Amino acid sequence: MKDLTPSCSFNRFLPKWGPTVRSGFQRGRSPILARVSGRDQRALVRLKVNTLRLTQGLPSCVAAALDDRGRHGGVRVMIMVVPEPVMPQRIIAHLDMDAFFAAVEERERPQFTGLPIVVGADPLDGSGRGVVSTANYPARVYGIHSALPISQAWRRSEWARRQGKPAVVFLRPNFAQYTETSGRIRAIVERHASTIEQAGIDELYVDLSATGSYEQAREIAQAIKRDIAAKERLTASIGLGPNKLIAKIASDAHKPDGLTVVEAQDAEAFLAPLSVRKIPGIGPKTEAALRQQHVTVVQDLKRFSEVDLVEHFGKWGRALYERARGRDEDPVQETDEVKSIGEQETFARDTLDSQTLMEHIKCMGRDVLARLAGAGYSSFRTVVVTVRFADFETKSRSRTLPRPTDSVKDVEVEAMKLFLPFLDRRENPRRKLIRLIGVRVEKLGREESRHSGARSSHSKSIRVQDPGHVSSGLLPDLLKD
Ligand code: DCP
Ligand code: MG
């Protein structure tokens with residue numbers, strides 16, 4: 001007997017029917033259909049139709065397959081009406097620390113409390129070459145923000161000083177401290193929830209669907225914020241929403257120290273008046289392309305059909321169409337805290353001096369291994385070296401060792417071997433000067449994983465970047481654009 005409507009989206013019904021299920025089922029949309037065998041060994045077709053659909057009559061494809069005595073292929077057909085199960089509502093939280101690097105510095109150096117602080121490259125009295133990693137909120141009042149050239153941050157500080165306002169305190173980053181703090185924040189969250197996805201050094205998603213209600217989820221979010229404030233003396237902003245997209249945008253809505261709840265029925269209206277830049281994935285390029293079409297806020301984006309957007313942006317257009325409507329199915333994927341630990345360094349002057357470069361590579365290897373231990377890992381298997389030339393061409397080379405190691409010598413030797421070809425014709429035939437180098441270790445393991453195999457196969461990467469260049473590793477949206 002052939003299937004009537006071979007579609008079934010709720011295959012979790014089927015186990016209930018146990019051994020009676022005889023033929024397969026297919027994923028699709030409801031109504032649900034599966035063939036089962038009855039007690040008398042005759043084939044029965046049990047059709048599960050959701051009650052809503054039933055009020056509109058049987059789907060025509062099903063009705064057409066039945067004869068006027070309700071039989072199909074000479075076999076009696078039983079139709080069972082089963083209300084569609086109520087899908088438990090998803091409640092997702094997104095936590096993002098406020099002015100993270102700067103807040104950690106302020107905590108560690110009480111003498112600067114309340115002052116404008118910028119963490120980033122050395123400003124060198126206005127001639128520094130790197131960028132701002134982050135600025136605390138008082139410094140943001142001066143128009144200073146992440147990725148701003150440090151020389152401009154310096155000028156803005158000077159301008160403020162001339163107005164009689166406090167000058168900015170410029171600090172170099174202490175990555176080890178941020179990584180350690182990040183690990184402790186995660187541990188605090190783990191005490192309140194189990195499904196956690198680390199999305200960056202200072203942000204994570206938590207699936208709070210199991211709480212069953214927004215009131216309960218809000219209480220958990222408040223408890224997490226309280227614990228972070230008490231134990232770490234830092235503030236976090238949290239957004240609660242029906243999916244990761246809404247939760248992320250909500251966490252940013254009332255920074256610092258915010259808690260914003262956007263329930264499913266309010267999600268579309270919440271997004272509508274916001275700038276399209278708030279949608280993760282829309283960076284400066286997409287924004288500019290959209291502006292040309294007179295699209296500035298999310299509401300404007302809804303003028304376009306899915307076909308239009310796909311035509312314009314390819315695959316990404318489909319996601320854009322969904323996101324403009326507040327929809328996002330992406331699950332919270334449990335991850336370890338870190339997948340890789342690395343450092344990068346921008347030189348004050350582009351160079352090809354092999355001695356200086358090798359010395360830096362060695363130093364960075366040692367620092368990376370010190371941080372590996374600080375982050376609670378005991379081994380690595382892969383070493384990655386990144387080189388950025390003066391013209392910004394960037395290359396990475398990696399090598400995975402046959403077995404995990406924790407030896408400083410290994411990281412030094414491997415990094416060196418990977419780097420040497422950049423000094424000669426093999427990787428650098430035009431002998432371009434080098435602007436930046438980076439060393440990173442991956443395939444990290446903890447003590448137990450050395451015996452039981454790799455454990456972090458689906459873990460996310462947290463890349464802490466040197467502020468000597470515009471960081472993108474922490475900002476997936478910039479990366480996409
Ligand atoms: N970071 C960086 N370079 C960037 C952006 C960020 O090095 N271009 C670092 C410094 C930040 C940290 O990552 O402290 C977290 O990034 P966020 O975007 O969450 O920024 P903040 O936490 O500093 O500020 P906010 O309060 O807006 O979250
Ligand atoms: Mg942050």
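Two strands count as paired if DSSP finds at least two bridges between them. Helices (H or I, at least four residues) and strands (E, at least two) are themselves DSSP runs, numbered from the N terminus. What you have open is a predicted model, where local features need pLDDT of at least 70, side-chain atom pairs count only at pLDDT 80 or more, and totals for chains, interfaces and linings use all residues. Residues are numbered from 1 along each chain as its sequence is written, while chains are lettered from A and ligands numbered from 1 in the order in which they are written.

**Stop 1: a hairpin**

Select residues 196-200, strand S10, and then 203-207, strand S11. The two run antiparallel and are joined by four bridges. Find Gln198: Leu204 in S11 stands opposite. Two residues sit between S10 and S11, and the pair forms a hairpin. Is S10 open to the outside or enclosed? Four of its five residues are buried, so S10 is largely enclosed by the rest of the structure. (Buried means 20 or more other C-beta atoms within 10 Å of the residue's own, exposed means 12 or fewer, and partly exposed is in between; the C-beta atoms are placed from the backbone.)

**Stop 2: a small loop detour**

Now pick Ala99, in the loop between strand S6 (92-97) and H4. Its phi is near 40°, a positive value in a residue other than glycine. Ala99 is buried, with 24 other C-beta atoms within 10 Å. Jump next to Ala147, in the loop between helix H5 (137-140) and helix H6 (150-162). Here phi is near 75°, again positive in a residue other than glycine. Ala147 counts as partly exposed, with 16 C-beta neighbours inside 10 Å.

**Stop 3: a sheet and its helix**

Show strands S8, S7 and S9: they form an open sheet in the order S8-S7-S9, with mixed pairing. The edges are S8 (132-135) and S9 (169-171), each pairing on one side only. Strand S7 (residues 117-120) runs parallel to S9, and three bridges join them. Click Val119 and look across to its bridge partner in S9, Leu171. Now add helix H4 (residues 100-108), which packs on the sheet and touches S7, S8 and S9; its direction makes about 115° with that of S7. (Axes are lines fitted to C-alpha atoms, for helices over the stretch in contact, and angles run from 0 to 180 degrees between N-to-C directions.)

Keep H4 and add helix H7 (residues 175-190): their axes come within 10 Å and cross at roughly 100°. That makes H4 roughly perpendicular to H7. (Under 35 degrees counts as roughly parallel, over 145 as roughly antiparallel, 65 to 115 as roughly perpendicular and the rest as oblique.) Phe100, Phe101 and Val104 in H4 meet Gln177, Tyr178 and Thr181 in H7. (Residues are in contact if their C-beta atoms, placed from the backbone, lie within 7 Å.)

**Stop 4: a crossing of helices**

Go to H15 (residues 354-374) and H16 (residues 408-419), whose axes come within 9 Å and cross at roughly 140°. That makes H15 oblique to H16. Among the residues meeting here are Met358 and Ile361 in H15, and Val408 and Phe419 in H16.

**Last stop: a cis bond**

Zoom in on Lys255 and Pro256: the peptide bond from one to the other is cis, with omega near -10°. Pro256 lies in the loop between helix H9 (244-253) and strand S13 (259-261).

Note on methods
Contact = placed C-beta atoms within 7 Å.
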